Amino acid sequence: MRIAIAGATGNIGALTSAALTRAGHEVVPISRSLGVDLATGAGLDGVLAGVAAVVDVTNAPPADEAETVAYFGATTRNLLAAEERAGVRHHVLLSIVGIDRIGGNAHYAGKREQERLVTASPVPWTIVPATQFHDFAAMVAGWTEQDGVATIAPLLVQPIAPGDVAGVLAEIAAGEPRGRYADLAGPEPQDLVDMARRTHEARGRTVKLVPTWSGPFGLSMAGDALLPGDGAQLAPTTFDEWLATQR
C-alpha cells in the first residue's frame, strides 16, 4: 500500500515509517521540512495522490489552549479535506488515553478537537489512544530544570515504548478502519517522579526532582486519570527494558 505519514520526521513518525517499510509498504512523508504545510494545506493535494491511508502523528508547538485548539483544528481540517479530495480510504489518528476526563491542559484540548473533527469526517477512520511514552518523564523534567533542579508532577502512568506504538499504528494503517481502537498502554503502571529519577540515572545525570502539582499537569490528572481503561491492549516492552537502552 501507499501510506502517508503526517509528522513523519518526528520520533513516532520515523518509527512508524520504518515499520511500514519493513512490511513492504510505500511510505509518503508529510512534513513542512519536505515542502508540505498542514497549517495552510499547501502541497497536500500533490503528496496524497494515490495514497490509500494516512497516519497522523503530528504535534503542536507550545501555546495556550485557544492557540493549540486552533492549530490542531486547522491542520486536521486541511488534512481531512485533502484526503477526501484524493479518495483516501483510511485516516489513522494517534491520540492520548484519558483526554476526555481531563480539563485545563492545552495539549489535551487540542487533541480533543482533532478527535472531534476526525469522527465527523466522511473519511473512514481509526483513533488510537495511547498512554505516555517511556521517555516522557525525563522530557517533562527537562521543561523546568534549572541548575540541576526540576519540578515534576507525581503522575501515575502506564508508559509505553514508542516502538510498540509505531508497530500498532503500522498494522492498523494497513488494515480496515476500526473506529475507536482500544486504549494502548505499556505492561505496568509507573510513578512519573521515579521514572524521571531512573532515566536520569541511566543516562548518567544527577537532577534533584521536586514533586508538585503547580505546573502543566494539575490535580485533575491525579490517581488513575491517565491509566488505560478496561479492555486495553498492553504492549510488551517494559520500562526497565527501555531503560536498559539508555545506558
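This is a short dialogue on reading aromatic pairs and one helix in a predicted model.

User: How many aromatic pairs are there, and what makes one edge-to-face?

Analyst: Ring centres must lie within 6.5 Å, and planes over 60 degrees apart count as edge-to-face. By that rule there are four aromatic pairs. Take Y71 and F72: their ring centres are 6.1 Å apart with planes at 65 degrees, so this pair is edge-to-face.

User: Are Y71 and F72 buried or partly exposed?

Analyst: Y71 is partly exposed at 24% relative accessible area, while F72 is buried at 0%.

User: Which parts does the pair of F136 and F217 tie together?

Analyst: First the geometry: the centres of F136 and F217 are 5.8 Å apart and their planes meet at 65 degrees, so they too are edge-to-face. F136 sits in helix α5 and F217 in the loop between β11 and β12, so the pair links parts 81 residues apart in sequence. F136 is buried, at 12%, and so is F217, at 8%. Together with W143, F136 and F217 make up one aromatic cluster.

User: Now helices. Which residues of α4 are buried?

Analyst: A general idea helps: an α-helix has 3.6 residues a turn, so residues three or four places apart point the same way. In α4 the buried residues include A106, A109, G110, E113, L117 and V118. Elements covering the buried residues of α4 include α3, β4 and β5.

User: What span does α4 reach, and which residue caps its N-terminal end?

Analyst: Helix α4, residues 106-120, reaches 22 Å from first to last C-alpha, close to the expected 21 Å. N105 is the cap: one of its side-chain oxygens lies 3.1 Å from the backbone nitrogen of H107.

Key:
Residues are numbered from 1 along each chain as its sequence is written. This is a predicted model: local features need pLDDT of at least 70, side-chain atom pairs count only at pLDDT 80 or more; totals for chains, interfaces and linings use all residues. Side-chain values use heavy atoms; hydrogens and water are left out. Rings of Phe, Tyr and Trp (its six-membered ring) pair if their centres lie within 6.5 Å; planes under 30 degrees apart count as stacked, over 60 as edge-to-face and the rest as tilted. Buried means under 20% relative accessible area, exposed over 50%, partly exposed in between (1.4 Å probe, protein chains only). Helices (H or I, at least four residues) and strands (E, at least two) are DSSP runs, numbered from the N terminus. The expected span of a helix is 1.5 Å times one less than its number of residues. Contact means heavy atoms within 4.5 Å. A polar contact is a pair of N or O atoms within 3.5 Å; within protein, one must be able to donate a hydrogen and the other to accept it, and residues adjacent in sequence count only if both atoms are side-chain atoms.
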